[in-house]
Amino acid sequence: MRVRTRAVSCVLAGTLVAIAVASPAFAQMPKGMAGTWKLNVAKSTFSPGPAPKSMTILYAPAAGDALTIAVDVVPAAGAPQKWEMTAAYDGKDHPVTGNPDADSISMKRVNDTTGESTFKKGGKVMAVNTRVLSADGKTLTITTKGTTSDGKPRHDVGVYDKQP
């Protein structure tokens, strides 16, 4: 009986270690998402619009289970913008710099290929992005629902191509 109890304890301990090791990996960005993504304006829709002239997003691993996101966007009108943020899939607010419509982001993981980000300005939710990585890892689709800075409803579907 004592040997059997030890065997069960070892199996249980091994399972707990496996869960502990796997948990941070699950919290990280989906495999294949790291890298540079360029907006395919022709395949994207922006309502109310207009579409940006260009947009590039860089996803990179950061310390722990966080990731750094850098966005370069050339809007239809106005000066180019560079947004930056480092956040984890922990549901907590993290600072955003350079984005005129958001000062914080919180992220959660939906599944292996899907993540959700909530952008806030002054504590008010401005947009919720749902990111879906294609099975082949070549396309990232970001659906944005929210409100524009002037209070209009917003629904965008941005299709991004992975850059070599």
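User: Where is the place of Pro50?

Analyst: In this predicted model, Pro50 sits in the loop between E2 and E3. The peptide bond leading into Pro50 from Gly49 is cis, with omega near 0 degrees.

User: Which other residue is joined to Ser47 by a cis peptide bond?

Analyst: That would be Pro48, and omega for the Ser47 to Pro48 bond is about 20 degrees. Pro48 also belongs to the loop between E2 and strand E3, the latter covering 54-61.

User: Let's move to E2. What makes Phe46 count as buried, partly exposed or exposed?

Analyst: The relative accessible area of Phe46 is 23%. Buried would need a value under 20% and exposed one over 50%, so Phe46, at 23%, is partly exposed. Phe46 is part of strand E2, residues 45-47.

User: Which residues is Phe46 in contact with, leaving aside its neighbours within four places in sequence?

Analyst: The partners are Leu39, Ala51, Pro52, His155 and Asp156. Contact here calls for heavy atoms within 4.5 Å. For one of these partners, His155, there is also a backbone value: its C-alpha atom is 6.5 Å from that of Phe46, although 109 residues separate the two along the chain.

User: How do you know whether Thr114 is buried or exposed?

Analyst: Its relative accessible area is 10%. The cut-off for buried is under 20%, so Thr114 is buried. Thr114 lies in strand E8, residues 114-121. Beyond its neighbours within four places in sequence, Thr114 touches Arg109, Thr130, Arg131 and Val132.

User: Arg109 comes up there. What makes the pair Arg109 and Asp112 a salt bridge?

Analyst: Their N to O separation is 3.8 Å. A salt bridge needs a side-chain nitrogen of Lys or Arg within 4 Å of a carboxyl oxygen of Asp or Glu, and therefore this Arg and Asp pair qualifies.

User: Why do Arg109 and Asp112 fall into the classes they do, buried or exposed?

Analyst: Arg109 has a relative accessibility of 16%, which is under the 20% cut-off, so Arg109 counts as buried. Asp112 has 54%, which is over 50%, so Asp112 counts as exposed.

User: How many salt bridges does a search of the whole structure find?

Analyst: Six. Among them is the pair of Lys82 and Asp72, whose closest N and O atoms are 3.5 Å apart; that is within 4 Å, so the pair meets the criterion. Lys82 lies in strand E5 (residues 81-88) and Asp72 in strand E4 (residues 66-74), so this salt bridge ties together parts ten residues apart in sequence.

User: And how are Lys82 and Asp72 classed by relative accessible area?

Analyst: Lys82 has 41% and Asp72 has 36%. Partly exposed runs between the 20% and 50% cut-offs, so Lys82 and Asp72 are each partly exposed.

User: What makes Lys152 and Asp150 a salt bridge, and how exposed are they?

Analyst: The closest N and O atoms of Lys152 and Asp150 are 3.8 Å apart, and because the limit is 4 Å, this is a salt bridge. Lys152, at 43%, is partly exposed. Asp150 has 53%, which passes the 50% mark, so Asp150 is exposed.

User: Which residues lie nearest the centre of the largest pocket?

Analyst: Met55, Trp83, Asp101, Arg154 and Asp156 lie nearest the centre, out of 42 lining residues. Elements that give two or more residues to the lining include E2, E3, strand E9 (124-133), strand E10 (139-147) and strand E11 (153-162). The largest share, five residues, comes from E11. About 960 Å³ of space lies in this pocket.

User: What is the secondary structure of the protein, and how confident is the prediction?

Analyst: There are one helix and eleven strands. The average pLDDT is 85, and 82% of the residues score at least 70. Residues 1-27 have a pLDDT below 50, and that stretch makes seven contacts in the model beyond near neighbours in sequence.

Conventions. Residues numbered from 1 in each chain as written. Predicted model: local features only at pLDDT ≥ 70, side-chain atom pairs only at ≥ 80, totals over all residues. Heavy atoms only, no water. Helix = DSSP H or I, 4+ residues; strand = E, 2+ residues; numbered from the N terminus. Buried < 20%, exposed > 50% of the residue type's maximum accessible area, 1.4 Å probe, protein only. pLDDT = per-residue confidence, 0-100. 1 Å grid on protein atoms, 1.4 Å probe; cavity = no way out; pocket = protein on both sides within 12 Å on 5 of 7 lines; lining within 4 Å. Points joined across faces, edges and corners; volume = space filled by probe spheres on them.
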